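Hi there,

Here is the structure I promised to pass along. Have a look at it first, and then read my notes below.

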Amino acid sequence: AQRLDVAPTSWLPRQQITEPSTPTKSFWPYLEEFFGMVGCKNNSFRMRCKLCAPKYHELMAFKNSPSNLKKHIEVKRYTQLTSADLERRSSAEGSLAPPSKQTKLWETRRVSQASVDKVVLEFVVQGLHPPHIVQQQGFIDLLQHLQPNTNVMTRNTLVNKVTKASVEMKTKLKAALSEIEFIATTTDCWTAHRRSFIGVTAHWFNPQTMQRSCAALACKQLKGSHTFSALAGALNDIHTEFNVREKIVRTTTDNGSNFLKAFRVYGQMDEKNDNPASVGEGDGEEDDGGQNDDYDEEEESVEGVEFVDAGALLDKDDYLEYQLPKHHRCACHLLNLVSTVDASKAEVNPLYKRVSRSTFAKCSSLWTKSSRSITASEVIEEHCKLQLIRPVATRWNSFFSAVERIVRITREQGEGALAAVCSELDTPKFTPVELGFLAEYVKTMSPVARALDVLQGETSVQMGWLVPTITLLKTKLQHLHSASRFCEPLIAALLSGLEKRFGEMLVVLSRYQHFGTGTGTKMYFDTFDTFG
């Protein structure tokens with residue numbers, strides 16, 4: 001047996017002292033290499049720490065709990081032995097202490113069937129998984145491996161639970177919206193998989209915390225053509241379902257003609273919008289030149305009754321069938337139109353038209369080759385160390401990113417890399433003038449792209465960011481105009497488009513002389529100073 005060092009024991013009565021010559025059974029065999037027993041009294045032991053040598057350090061420990069010894073090692077930062085090591089050694093050598101009541105990490109925690117069903121439901125809803133995923137053998141094996149004593153719900157059960165959860169969520173949303181006084185909404189319609197859909201979101205400020213909150217009111221199929229009356233009817237039904245029609249201050253949409261007409265016809269009166277009541281005024285009325293005036297007066301004088309043509313009233317559309325809130329055009333969509341529709345007007349300049357069309361035609365040829373051929377993609381990767389980006393027709397930012405990638409390849413790998421790609425893919429090569437035009441185009445449109453990125457933010461963008469963003473964008477373009485070699489017509493077209501589409505919003509800037517010197521505005525302009 002290992003010999004234990006014994007210190008003077010005058011602090012204990014002699015009859016309670018364990019003599020050194022007497023073999024002593026240690027309650028913690030796995031601690032003998034770290035602590036030596038000095039003495040015992042009742043159920044307490046006096047231990048000497050061997051790790052603290054040559055310093056003499058004694059500790060007290062209770063018979064059924066060596067936690068004091070473990071804490072001493074942890075406090076002294078003996079990294080060679082942690083509390084986890086002590087527990088592992090204790091379980092391996094068989095400690096005489098009673099088992100701990102705490103749950104061990106290796107023990108399997110049993111959960112109820114209801115909690116498993118709840119987690120599966122959240123998994124399907126948040127991941128937008130199809131209901132039949134619960135019937136896949138791999139999913140069933142995974143769940144039963146984690147919880148062998150639980151069952152996997154069927155597809156029909158999952159569908160019923162999703163429907164029930166949807167109803168409960170809608171009820172809670174209605175209750176939350178009933179306490180809100182002012183709400184703003186956004187809406188859009190689109191086509192996917194040969195079906196049409198309409199989506200509506202609501203946005204408001206929490207009156208207690210003043211934090212912005214949002215929720216999706218609807219995302220449902222829209223049958224038939226996307227006419228202005230069909231959109232107005234769908235929006236009216238959604239607003240009525242959630243009882244928010246009178247609380248909506250504005251509804252933001254894109255600049256589609258169907259949305260514009262729907263709000264022009266059925267929207268509320270606004271000083272910036274046409275009066276819906278005047279739309280269609282006089283429709284169905286005919287002027288007979290006063291031929292029947294005498295007859296009408298005679299009939300009214302004789303009978304005292306006014307005769308009205310009921311058929312004409314039924315046929316007359318007074319545009320009161322639906323009631324829509326005030327309309328607001330999406331600033332991001334407006335800026336997207338400036339970048340595409342208004343920018344195309346720069347081609348009235350013959351020199352710009354010839355250079356731009358020739359350059360972008362060669363870019364388009366490269367994009368088409370890289371997207372249709374694996375061999376072409378490998379060639380581009382070999383020479384350019386990067387892949388090309390193919391633009392998407394509905395997103396102008398993607399076109400800018402695609403052109404920017406070509407300019408980056410030219411800058412990093414040299415013009416020879418791009419020429420080698422064009423040679424191997426049998427596409428027209430870029431001339432030095434065209435490469436210079438691409439570089440200047442990217443420099444010109446970069447502020448526009450940055451402004452779009454700012455306004456398209458999800459959480460950190462408010463209405464107060466719009467005017468500073470557009471104002472700084474105009475300033476950046478005006479500075480580029482004087483130094484431009486190829487893109488002067490483009491800059492002029494962009495400035496004209498910004499004035500046409502955002503002119504009324506920018507008038508606010510001239511009404512407040514302190515706007516340009518305020519601290520808040522300075523912060524905005526410092527933030528957007530990264531445009532160039």
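Helices and strands here are DSSP runs, numbered from the N terminus, with at least four residues for a helix (H or I) and at least two for a strand (E). Please keep in mind that this is a predicted model.

I'll start with the pocket, since you may want to look there first. The largest pocket holds about 2000 Å³ of space. Its lining comes from 46 residues, and Thr186, His203, Thr252, Cys330 and Leu455 are the ones nearest the centre. Which elements supply at least two residues each to that lining? They are four strands in sequence order, strand 4 (183-192), strand 5 (195-205), strand 6 (212-221) and strand 7 (248-253), together with helix 10 (331-342), helix 13 (396-413) and helix 15 (432-455). Strand 4 contributes the most, with seven residues. By residue type, the lining of the largest pocket splits into 21 nonpolar, 18 polar and seven charged.

Now to a sheet elsewhere in the numbering. Three strands form an open sheet in the order 1-2-3, and their pairing is antiparallel. Strand 1 (35-41) and strand 3 (58-62) are the edge strands; each has a single partner, so one side of each is left without a neighbour in the sheet. From one strand to the next, the twist averages 30°. Six bridges join strand 1 to strand 2 (residues 44-49) in the antiparallel sense. Within this part of the sheet, cysteine 40 sits opposite phenylalanine 45 of strand 2.

Enjoy exploring!

Best wishes

Conventions:
Residues are numbered from 1 along each chain as its sequence is written. This is a predicted model: local features need pLDDT of at least 70, side-chain atom pairs count only at pLDDT 80 or more; totals for chains, interfaces and linings use all residues. Side-chain values use heavy atoms; hydrogens and water are left out. Two strands pair if DSSP finds at least two bridges between them. Axes are lines fitted to C-alpha atoms, for helices over the stretch in contact, and angles run from 0 to 180 degrees between N-to-C directions. On a 1 Å grid over the protein atoms alone, a cavity is a set of points where a 1.4 Å probe fits but cannot get out, and a pocket is an open set with protein on both sides within 12 Å along at least five of seven lines; lining residues have an atom within 4 Å of a point. Grid points are joined across faces, edges and corners, and a volume is the space filled by probe spheres set on the points. Ala, Val, Leu, Ile, Met, Phe, Trp, Tyr, Cys and Pro count as nonpolar, Asp, Glu, Lys and Arg as charged, and the others, Gly among them, as polar.
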